[in-house]
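Student: Could you walk me through this fold? I'd like to go from the overall layout down to single side chains.

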Amino acid sequence: MEFEYEGVLLSMKVVITVVGVDRTGIIAAVSQIMSEHKVNILTINQVILDGIFNMAMIVDLEEASISLDKLQELLKEKGDALGVEIRAQNRKIFDAMHRIG
């Protein structure tokens, strides 16, 4: 499955980032949303630096039962409840925004 953004076809790979004060259950809460909506987690990386939790997750929405817009909404709500910032962006858009040069 792909979707179009400004005339360009994009894959359904999504980068999810989480940043905030570390606390128990952050990974579990995000993973639960993925599981409930059949979102496949491709890779996950997390680190805690001086009490600040940072996580990056790449997921695939190919077989998902949720749209990217709805996933972004659910993750924002969950982030607000946990006191962290959670963002989800299409992988190609994320890469373009973070390209150097």
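What follows is a chat about the layout, the sheet, the helices and some side chains.

Tutor: Before we start, this is a predicted model, where local features need pLDDT of at least 70, side-chain atom pairs count only at pLDDT 80 or more, and totals for chains, interfaces and linings use all residues. Residues are numbered from 1 along each chain as its sequence is written, and side-chain values use heavy atoms, with hydrogens and water left out.

Student: What pattern does the protein chain follow along the sequence?

Tutor: Helices (H or I, at least four residues) and strands (E, at least two) are DSSP runs numbered from the N terminus. The protein chain has three helices and six strands. Read along the sequence, they give β-β-β-α-β-β-α-β-α.

Student: What share of the 101 residues is buried?

Tutor: Buried means under 20% relative accessible area, exposed over 50%, and partly exposed in between, with a 1.4 Å probe and protein chains only. Among the 101 residues of the protein chain, the buried share is 34%.

Student: In what order do the four strands of the open sheet come?

Tutor: Two strands count as paired if DSSP finds at least two bridges between them. E4 and E5 pair in the antiparallel sense over nine bridges, nine bridges also join E3 to E5, and seven join E3 to E6. That open, antiparallel sheet reads E4-E5-E3-E6.

Student: Which strands stand at the edges?

Tutor: The sheet runs in the order E4-E5-E3-E6. Each edge strand has a single partner, so one side of it is left without a neighbour in the sheet. The edge strands are E4 (40-49) and E6 (84-90).

Student: Which residue takes a positive phi in the hairpin of E4 and E5?

Tutor: The pairing of E4 and E5 is antiparallel, and glutamine 46 has methionine 55 in E5 as its bridge partner. The hairpin has two residues between the strands, and the positive phi, near 50°, belongs to aspartate 50.

Student: At about what angle does helix H1 run to E5?

Tutor: Axes here are lines fitted to C-alpha atoms, for helices over the stretch in contact, and angles run from 0 to 180 degrees between N-to-C directions. Helix H1 (residues 26-36) lies across E3, E4, E5 (52-60) and E6. Its angle to E5 is about 20°.

Student: And what angle does the direction of H2 make with that of E6?

Tutor: H2 packs on the sheet too, touching E3 and E6. Its direction and that of E6 make an angle of about 165°.

Student: Which residues is isoleucine 27 in contact with, leaving aside its neighbours within four places in sequence?

Tutor: Isoleucine 27 sits in helix H1 and is partly exposed at 31%. Isoleucine 44 lies 17 residues away in sequence, with a C-alpha to C-alpha distance of 9.5 Å. Contact means heavy atoms within 4.5 Å, and outside that sequence window the partners of isoleucine 27 are Ile44, Gln46, Phe53 and Met55.

Student: Is valine 21 buried or exposed?

Tutor: Valine 21 belongs to strand E3 (residues 13-21) and stands opposite isoleucine 52 in E5. Val19, Val21 and Ile52 also form a nonpolar surface patch. With a relative accessible area of 56%, valine 21 is exposed.

Student: How many salt bridges does the structure hold?

Tutor: A salt bridge is a side-chain nitrogen of Lys or Arg within 4 Å of a carboxyl oxygen of Asp or Glu. One of them joins glutamate 85 and arginine 87, N to O at 2.5 Å, with glutamate 85 partly exposed at 41%. The structure's count of salt bridges is three.

Student: How far apart are the closest N and O atoms of lysine 70 and glutamate 73?

Tutor: The two sit three residues apart in helix H2 (residues 68-82), so about one helical turn separates them. Lysine 70 is partly exposed at 38%, and glutamate 73 is partly exposed at 38%. Their closest N and O atoms are 3.2 Å apart.

Student: Which residue does lysine 76 meet in a salt bridge?

Tutor: The partner is four residues away in helix H2, which means about one helical turn lies between them. It counts as exposed at 53% relative accessibility. At 3.0 Å, N to O, lysine 76 meets aspartate 80.

Technical notes: Patch = residues over 30% accessible without salt bridge, like charges linked within 9 Å, V, L, I, M, F, W, Y side chains within 5 Å. Areas by Shrake-Rupley, 256 points an atom, 1.4 Å probe, with all protein chains shown as cover.
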